[in-house]
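Ready for a few exercises on a protein complex? Try each task with the structure open, then walk through the solution.

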Amino acid sequence: MNVTLHSFLRHWQRAPFQLVLLLAGLALATALWSAVQAINTEARASYARAVDELGARDLPVLTAPEATISLDHYVRLRRAGWQVSPVLEGQWQSGSEAVTVLGVDPLSYPGAPEMSRAAEDNDLDLLALLRPPGVLFAHPETLPDLDGPYHLLPMEQLPPGVVLTDISLAERLLDDVGRLSRIVILPDQPASLPPLDQIVPELQQNAASDSAMADPERLTRSFHLNLTAFGLLSFCVGLFIVQGSVTLSVEQRRGSIRTLRCLGVSAATLMQALFLELILLALLAGAVGLVIGYGLAALLLPDVSATLRGLYGAPVEGSLTLRLSWVLSGLAMAVLGTCIASLQAFIALRRMTRNLSDAAVTRSAGRTYAMCGAASVLLIATGWAALNLVQGLLGGFMFLAGLMLGAALPLSLVFYGLSSGLLRLTRAPLLRWMVADSRLQLPGLSLSLMALLLAVATNIGVGTMVSSFRLTFVEWIDQRLAAEIYVQVETPKQAERVLNWADRNGARALPQFRSDSRTATAPLRIYGVVDDPLYRDNWPMVRGDGNSWHRVYEQGQVLINEQLAHREALRIGDEVALTPTWTARIAGIYSDYGNPDGQATVALATLQDRASQIAVTQIGLVSPPGVSLGALAGSLRRDLNLPARAVVEKNTVRSASIGIFDRTFVVTGALNILTLAVAGFAMLTSFLSQWNRRLPQLAPVWAMGVTRRQLAQFELLRSLSFAVLTFLLALPLGLFLAWVLLNIINLEAFGWRLPMFLFPSDWGRLFLLTGVAAALAALVPVVRLLRLSPATLLGVFAGDR
Amino acid sequence: MLLSVDGLTRCYPGQNRNVLRGASFDLARGESVALTGDSGSGKSTLLHMLAALDRPDGGRIMFDGNDIAGLTDKAASDLRRRRIALVFQQFNLVPALTVAENLALHARLGKRYDPDWTKELSDRLGLSDLADRYPEQISGGQQQRVAIGRALAVRPDLLLADEPSGNLDETASAEVLRLMLELVSEAGSALFLVTHSHDIAARCARHLHLSGGRVEAAAG
Amino acid sequence: MTDRSNLLRTLVALLSLPTLAVAQGYANLGSEAEGFAVPSPNGTLSFPADHAAHPDYRIEWWYLTSNLRTNSGEDLGIQWTLFRSALAPENTAGWQSPQVWMGHAAVTTEDDHLFAERIARGGIGQAGARTAPFSAWIDDWEMSSTDATLDRLRLKARADAFSYDLQLNAHGPLVLHGEQGYSVKSADGQASFYYAQPAYSVTGTVTLPDGPVEVTGDAWLDREWSSQPLAPDQDGWDWFSLRFDDDTKLMGFVLRGARADFTSGTWISAEGEAEPLAPGQFAAVPQRWSDVGGRDIPTAWRVSLPARDLSVTVEALNPQAWMGTTFSYWEGPVRVTGSHNGTGYLEMTGYDD
């Protein structure tokens, strides 16, 4: 066995470049996969930490939708034996910034250990948590916005804009004594407690709390699923490289294998040797891949966490932790991937050990192609079934996987048909030979061409989705930001002052009154708006007609956002329960991108009539004719002595929103390019692995007077033609992928459907990029051909090969 | 004189022994000449030089009045496309193409394709039934017949053959040679045949022997 | 309870007398009382007012232990303790209150030991102690009376694995430890106010994992409050409350110090007359050690009081009666044999390191 393995490994000494290719392919595949995994794991770990440590998030809560919770409710529950923890939440104006204050009792709050730890880390006496002046915990980004005679401590796990503190201090900050926002029901309860509705019938139990700290895992699930899908795709593409290299290495060792067999080495031993060799290589490459993947993840993570923080407010630390589980799963993936990719090599070796004579090139490609076709149909059908049978996002992704693989499989069949058709059309001898020769190469090239197809299609699909989303988003934000200036207000009194000021200065005011409620399953925010033509003209409706607003203002009907409509399967004319006592008819459905929760909009009068707790946080202003925005904003700040950040012009909000959007997809773009690079690499490997078989194919043509330069040109042309054809086939696939992403995946993930736009200039760029990749992949064989000595070519004809 | 070889010398890199030490001979149009010699005597090297596939260290190779020893790659390729055809011991055929396509390929490349002549060659070589087969689907003897047909389809001035029947058994070998000699004269081509077999050489009009790096007329 | 909260540990460090040694080292507190009231030998206790909380003292507790027997004759013990700790000598209402409360409850049988813990902020009504009528409570754990005295109490506690609901009837007077309730805790003069009701007869129900059982037996209530820590070198104590068959009782404790152990106690006659023991009169020597979760704990003692010709062996009913609460200690029922026979409770602290 040792001898066999040794003689197997000696092969690589003679073919160092091939070894590098194999290791590089495997390492790349592992790197991309594990980078994505590292990012996901890190993000999830951050959420988990936040959830565990600041923890009330997954615990059920008691709320009072129609009234306030008094301290007495809490004490009643406690005196009845229920283990509960109080939370007081509210808006606090700290200096120029408004932040959300979360007041908790550190003696019972599930996140208390994190508070203690943060205090200890900052050498603060733990008792200071409970005693004046008190301690405020906030995300490091939020700390500078806070002031006051308090201990200010950083806590990474908190979302920006949230301040965690003892409930006694929260009462003073919020000037709200003896009241609670909600009561968290702790996990461990004594036996045989009296039921909640006997103790506090006014309170309502909810499955999970909605609050300043909504569960980031829920919000970001689709984002991570996207990343995972990308990582897996890259891994598959990388495996095509491995497949090519390993199969080639076995082919090249035909001689040694024959000799070893003659020396009495059993077929089983040979198989074992190959297996051992592959495991060794997989571990080596996997290790290298992990190092690269770690670097890549560290490089991308700051962007990802910026994205997650910006888009979802989800707390993700910008630094990476090395986890043993990550290392092990990366190596396992490399080994497993190598084994899958080496199946063909094992089959080849088995055939060789059974039949020592050179197997004839099989021209029974027809059967293989037919099987490909059947598998393809099966895959697409399975995907389709998954879409219909498996609920939600997972079904969508299974459909995508089936579709993509199913579309890639018959690629050789398509190419075979195309080349056969071309052969029938052309008589030019050299062209005929080129086409026929390319057709002969198809079995060896098909896998890497599939990889290229997948990479290009994904590029087009994801690119189209992102660009369509962006276009829609920008248009939407322009419509949605109907007013020209937005004023943040904290109190009804402040709102009153702004409204009066606007009246005096001839500016139209669009105050946003709101009331928070919930549906059976999720939070629901209800807005009350004044009757203004800006709404009637601009509001971005998905479904509705000219009468929608009329029905809202005149008949007390409601507009709901697309998410809510999708989640609850609501249509225009349906009734929706806005609060336990308030049901309204739906007059229209509007788009509301970037918001995970349900939203409803009613006339202000209706809201004031029906909702109990109304807050106003924002007032939009439209400047009177002839007054510039800057002037209006300036005099508003001056007259009412408002902090700069409380008065924001439309364009500032717009560019900030678009900035967040763009950051979200930075990672997607990077992965797109990497995948394409890997596909190009796969092509290079295929070309190189065919090299030795190429010589007997090229030598006769050369002997007939076709120069090596012509052969090299042909080689380049062939690579480019394959790339072009693949691109042309990938284009419709990519567009279909985009359609699926926009209409199925997005709908499941976010609850909104997006229109699809086409971006031909992007395709042009990608086309060029694909060409460059193909040209680069052909470069090594082309250069080799140009440098090929006649003696080498002549050697084909003579000697005992 | 179609071919006039004068004082060819050739030294293999890394060996201080000259394989060719002033080999000289002539070949007339339509003439068939066999070259024999021991293994490693430089037979194949000499043949490659005649096809402008290899260059001599010294001496001249006049082909139809032009020295081909110093041709550019392009000019040499052009020569091979139209005027000099080759048949080797093995791997003569293009695996991607059918028998019929292989037969026509060289002539088409050299723009000397004559369908009638090609058809006749195909018939005479007994390949008509194999037209749509691929090289690996026919026997070794059949493959060599395709190679010969392909070379002669060009109606080359010179057919260079290097052990064309070296891989075949005796019967097949004799048949291939017979056809080749017959068709070469019909095509009006000259034949330069390299072989280790004196029996085969004897069937050519003239028999040369390469020994000690020089070409001499073979005894008998 | 893994790392439940360092804050809780710190708070607890202020709560129980044994841990005052820990609190001692606590930078902010120092060894003096910082505005808190300090027990003085001239102070006199007054009832029922002193049954309620003393928020101007730093620490205080209502400590009840009971030796019970089930209908089927099995021995068990229960513990019910309410601790109060003040972060500042104030008694503001609402969340601002600096008072923090902690409850411990346990049931100990020969082969099982169940315990639970409750923590609460003062000022909001979740926990407290008041008179007229008397009640001391945290969440739904409660020791209550229908009048201002401690003569007839109802005692309730409930956790996920056990609960109990007991009726206690005193058949003797309150006992003031030390000098009229002024109890000295070290040779340096650290002291507390300390009284007890050692003579309750008990009936009621204890619910174990297997179901409820009817019980009868005896109980002993200790009340103590102070603001001062132990002497700097004292790192734990062993406290005995023993009830003999002739209805006499003995409370004795050993404060283990680096320089010397400090022992004290009270002899209580059958009629309830208290006789304070001078330091050194009471002696307790470990006789057998048990491995309790990796710690070496003395679970059998030789207790002697030569002045009363008392020499007994005190053995734990269940040597594994470890209170794995935020601050942990050993507390469990004991059997007494020797010159006197009876039952009682043993508390041992400072063994958890």
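**Exercise 1: the cores**

Task: In this predicted model, find which residues touch the most other members of the largest nonpolar core.

Solution:
- Start with the whole set: the largest nonpolar core holds 195 residues.
- Now pick out those that touch the most other members: Leu453(A), Leu152(B), Leu159(B), Leu160(B) and Phe192(B).
- Next, look for the element behind the largest share of this core: helix 15 (residues 429–480) of chain A, with 22 residues.
- Zoom in on Leu160(B). Leaving aside neighbours within four places in sequence, Leu160(B) is in contact with Leu47(B), Leu50(B), Ala51(B), Ile84(B), Leu86(B) and Phe192(B).
- Finally, go to chain C, where Ile78(C), Ala120(C), Tyr329(C) and Val334(C) are among the members of a second, separate core of 95 residues.
- As background, nonpolar side chains tend to be buried together in soluble globular proteins.

**Exercise 2: a sheet in chain B**

Task: Work out the strand order of the open sheet of six strands in chain B, and name the edge strands.

Solution:
- Read across the sheet and you get 6-7-8-3-9-10, with mixed pairing.
- The edges are strand 6 (84–87) and strand 10 (214–217) of chain B, since each pairs on one side only.
- Neighbouring strands are turned against each other by 20 degrees on average, direction ignored.
- Take one pair as a sample: strand 7 (residues 158–162) and strand 8 (residues 190–194) of chain B are parallel, with five bridges. Here Asp162(B) stands opposite Val194(B).
- Now add a helix. Helix 5 (residues 140–153) of chain B packs on the sheet and touches strand 6 and strand 7 of chain B. The direction of helix 5 makes about 180 degrees with that of strand 6 of chain B.

**Exercise 3: two positive phi angles**

Task: Ser192(A) has a positive phi although it is not a glycine, and so does Glu163(B). Decide for each one: buried or exposed?

Solution:
- Ser192(A) has a phi of about 45 degrees. You'll find Ser192(A) in the loop between strand 9 (182–185) and helix 6 (196–199) of chain A.
- Count the C-beta neighbours of Ser192(A) inside 10 Å: there are 10, so Ser192(A) counts as exposed.
- Glu163(B) also has a phi of about 45 degrees. Its place is in the loop between strand 7 and helix 6 (170–187) of chain B.
- This time the count within 10 Å is 23 other C-beta atoms, so Glu163(B) is buried. The cut-off for buried is 20 or more.

**Exercise 4: hairpins in chain C**

Task: Follow strands 18, 19 and 20 of chain C, and find which residue takes a positive phi in each hairpin.

Solution:
- Strand 18 (residues 283–292) and strand 19 (residues 295–305) of chain C run antiparallel, joined by nine bridges. Pro286(C) stands opposite Trp301(C) in this pair.
- Two residues lie between these strands, and Gly293(C) takes a positive phi near 55 degrees.
- Move on to strand 19 and strand 20 (residues 310–316) of chain C: six bridges, antiparallel again. Val303(C) stands opposite Val312(C).
- This hairpin has four residues between the strands, and Asp309(C) takes a positive phi near 55 degrees.

**Exercise 5: who touches chain A?**

Task: Find which element gives the most residues to the side of chain B that touches chain A, then do likewise for chain C.

Solution:
- For chain B, 30 residues are in contact with 26 residues of chain A.
- Helix 1 (43–50), helix 2 (73–82) and helix 3 (99–109) of chain B each give two or more residues to that side. Helix 2 of chain B gives the most, with six residues.
- By class, that side of chain B has twelve nonpolar, eight polar and ten charged residues.
- For chain C, 26 residues meet 28 residues of chain A. Helix 1 (6–15) and strand 4 (113–121) of chain C give two or more residues, and helix 1 of chain C gives the most, with four.
- That side of chain C splits into ten nonpolar, nine polar and seven charged residues.

**Exercise 6: how far to trust chain C**

Task: Find where the pLDDT of chain C is below 50.

Solution:
- Begin with the average, which is 86 for chain C, with 89% of the residues scoring at least 70.
- Residues 1–5 of chain C are below 50, and so are residues 12–31 of chain C.
- Where pLDDT is low, the predicted coordinates should not be read in detail.

Notes. Residues numbered from 1 in each chain as written. Chains lettered and ligands numbered in written order. Predicted model: local features only at pLDDT ≥ 70, side-chain atom pairs only at ≥ 80, totals over all residues. pLDDT = per-residue confidence, 0-100. Contact = placed C-beta atoms within 7 Å. Nonpolar A, V, L, I, M, F, W, Y, C, P; charged D, E, K, R; others polar. Pairing = 2+ DSSP bridges. Axes fitted to C-alpha atoms, helices over the stretch in contact; angles between N-to-C directions. Core = buried A, V, L, I, M, F, W, Y, C linked by C-beta atoms within 7 Å. Buried ≥ 20, exposed ≤ 12 C-beta atoms within 10 Å, placed from the backbone.
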